[in-house]
Amino acid sequence: MKHLLGIEGLDRVGAERILDRAESFAEVGRRDIKKVPTLRGRTIVNLFYESSTRTLSSFELAAKRLSADVVSIKAAGSAVDKGESLKDTVATLSAYDPAAIVIRHPHAGAARLVADWTDASVVNAGDGKHEHPSQALLDVYTLRARLGSLEGLRIWIVGDVLHSRVARSCLLAFALMGAEVTLCGPPTLVPPELAEATGCAISYELDGIAEADVVYALRMQRERMGESFVPSLREYVARYQIDSRRLGPRQLLMHPGPVNRGVELSPEVIDSPQSLITSQVESGLVVRMAILYELLAGSERARPDRGPAPADPPRIGQPA
Amino acid sequence: MSPNLASRAAAAADLVIRGARVVDPRAEIDEPRDVVVRGGEIAELAAAGEASEPERAEVVEAEGMLVTPAFVDPHVHLRVPGQEHKEDLETGTRAAAAGGYCAVVAMANTSPPIDSASVLGSVRELAEQEAAIPTGFVATVSRGMAGEELTEMAELRDAGAVGFSDDGLPVANARVLRRALQYQRLAGGVIALHEEDPDLSGEGVMHEGEVSALLGLAGIPASSEATTIARDCALALDEGARVHVQHLSARASVEAIAAAKDAGTQVTCEATPHHLVLTDEEVRSLDARLKMNPPLRAEDDRLALIDGLRDGTIDCVATDHAPHALEEKEVPFEQAAMGVTGLETAFAVLHTELVLPGTLPLELIVERMTAGGEPFGIPAPRIEPGAAANLALIDPDQEWTVGADGYESRSENSCFASRELTGRVLMTVAAGAVAYRQRSFAMGVAE
């Protein structure tokens, strides 16, 4: 696998290889020295055109745990601010001969364009409202770690599906792993075409949520009110907030963060034992390590013009 | 052709094209003939192999080739004045000639827009120096295309505007459009309409449907176009005005036009090769060369456009040739400029995708590709003795790859780039002069 541009285009075997690898990295994470030498001497560029706390920090840390050299560039204050085009920025960064470019961009398809413009492997860390594949993989990882398998699992994705790249990637990833997905939210924010295109179910009400094994809530952004997607936050909360009344004791709760406490989730469910939100963040690190490993060291893709691949076949679990 | 068209002076052609299949649905010809052009006029239309050869005439042995009346495009963007980095009159009309066109109507959404007699006069003057084929210019409906005040339509007509259009933008305000339709009684000139409701289109960048839902791109619903067409046709009927609806993209739009025509509205309309051949499925690639407005829509919409073209609800083919510079397209889809080039590929695309599979007959495509000037008072060219020579010589079997030899246009934003097409224009005669020879063909002649 050269790039990770989306869950679309990823097959189950490839996804499972990444998830298995993440498991072995989790074992490394429990040691005192959490670093492996796998990507020593290789450079990873994080190119972030949107602000991000958890995705950027976890990609940074993932690269460092793999002993790569990391440069993180945020759009604010960089040449991007001075009107440099994405193409020129990528050309500039490619001059450092990075092994991977991890890009977050406010527009769909940006990662794919970057992949056309560079020899480096490209990881899509979120492109517009299109995809966020590392988030979806870490969510699958979290569920797998908890339940063993997603086969036959019923997962409800609740909230602003229309504007959510997490929803798109998760929907595809959950289905890829054998789960049955239902999209739930106000009709203005759950496009029926998405269900038609992917074969998942749609519900405009939470009435049937008792059937769900997992409830995946999405962030509800305040600006959607002004755009007439929902009449008021009050009505949204009344209809769609996941609270302890709606969340059954056997159901698991997930959220990609950051949470609007008291909007899409009530405070008590966030802190309940059913909530996997903290596990999701933990999974982020090992899954992103596994993604970088898969793209940069997973297959023997050392190129003669790039110097040798990591000297010995990387042995996970062996501290540096 | 029409006195309102401008082009540079060119030597009148003396030609004998021998044995080509001549197809002119208006003259009811479809058989091999010899076409003799003398002094830029069609002098003779003889049985194949029987034409006299005037002295010093160029003789083209054209057995197996096709000769049609040259095409007329009611909708191109030549980008002059102000956006010459995308296209200019010379490159744009050269691209048109390469596509077999003998006349084009240029839109007015330039920088500044063509909204005054002085700007119109200056582009027409430039066309007399640079345009390879006769070029008509529309003026805008509203000053500065702001959609608020009317332009001096009567003076603009006197200065040579072939019609009016705010194309690129709709005339969103119904009151402003109604005034323009009323004022047409004085000024004349068809009002050509880009139909779109800006509130419904919003920030949309592609057709609203399954593909936009999957890509997370804001969609432009088909209703944005269809509701505006219905509104504007109602206004035109009320005022007894004449309108031309540009670039239909959706089934509901075809139905709205059919209903308006049934009701007696003086309305004509056009569809583009890309809307007739491609759908929003293409946009899955997120290639910005597939971004245009109106957007590529669903298969059902495409089929409705083909039916509309067949039954005459859609009067003509337009390319909406909209060149953009590389840097305006080499960006993420949402940021890219709207518009695609089309002049050089129009015939070959329709021939390859609609004629060869048997969807539409060749005569119909020729008829619809030559009818585009009529709403603007530019008569469709005909192949008959005494008429000015406006001819396209086409090799219907030649296979070529779009863009492989570059483009005549200054811009490369073709939505058909890299496609294999069958049928290529070899030579175009416009207003009696040879306006284009395809390179390999020109070299063959020189041998």
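## Tour of a two-chain model, from a hairpin outward

Start in chain B at the hairpin of β17(B) and β18(B): two residues lie between the strands, and B:Ala431 takes a positive phi near 50°. The model is predicted.

**The strands of the hairpin.** Select residues 420–430 of chain B for β17(B), then add β18(B); the two strands pair in the antiparallel sense over four bridges. To check the register, show B:Val429, which stands opposite B:Val434 in β18(B). Next, select β18(B) alone, residues 433–437. Four of its five residues are buried, so the strand is largely enclosed by the rest of the structure.

**The two domains of chain B.** Colour chain B by its domain assignment: domain 1 is 15–67 + 386–446, and domain 2 is 70–376. Their C-alpha centres lie 27 Å apart. Where they meet, 31 residues of domain 1 of chain B are in contact with 44 residues of domain 2 of chain B. Now select the side of domain 1 that touches domain 2 in chain B; the elements that give two or more residues to this side are β16 (391–401), β17 and β18 of chain B. Which element gives the largest share of that side? It is β17(B), with eight residues. Coloured by class, this side of domain 1 of chain B shows 18 nonpolar, eight polar and five charged residues.

**A helix of chain B.** Move to α4(B), residues 174–187. This helix has 14 residues and reaches 19 Å from its first C-alpha to its last, close to the 20 Å expected at 1.5 Å a residue. Show its buried residues as sticks: B:Leu177, B:Ala180, B:Leu181, B:Tyr183, B:Gln184 and B:Ala187. An α-helix has 3.6 residues a turn, so residues three or four places apart point the same way. To see what covers the buried residues of α4(B), add elements of chain B including α3 (153–158), β9 (163–165), β10 (190–193), α7 (222–239) and β13 (242–245). Just after α4(B) comes B:Gly188, with a positive phi near 70°.

**Chain A as a whole.** Hide chain B and show chain A as a cartoon, with its 11 helices and nine strands. The radius of gyration of chain A is 20 Å, close to the 20 Å that the globule rule gives for 320 residues, so chain A is as compact as a globular protein of that length. Its C-alpha trace spans about 60 × 45 × 35 Å along the principal axes. Colour chain A by burial: buried residues make up 46% of its 320 residues. Finally, draw the contacts in chain A with a separation of 6 or more; residues 24 or more positions apart account for 72% of them.

Technical notes. Residues are numbered from 1 along each chain as its sequence is written. Chains are lettered from A and ligands numbered from 1 in the order in which they are written. This is a predicted model: local features need pLDDT of at least 70, side-chain atom pairs count only at pLDDT 80 or more; totals for chains, interfaces and linings use all residues. The expected span of a helix is 1.5 Å times one less than its number of residues. A residue is buried if 20 or more other C-beta atoms lie within 10 Å of its own, exposed if 12 or fewer, and partly exposed in between; C-beta atoms are placed from the backbone. Two residues are in contact if their C-beta atoms, placed from the backbone, lie within 7 Å. Two strands pair if DSSP finds at least two bridges between them. Domain bounds come from an automatic or database domain assignment. Ala, Val, Leu, Ile, Met, Phe, Trp, Tyr, Cys and Pro count as nonpolar, Asp, Glu, Lys and Arg as charged, and the others, Gly among them, as polar. The radius of gyration is taken over C-alpha atoms; the globule rule is 2.2 Å times the number of residues to the power 0.38.
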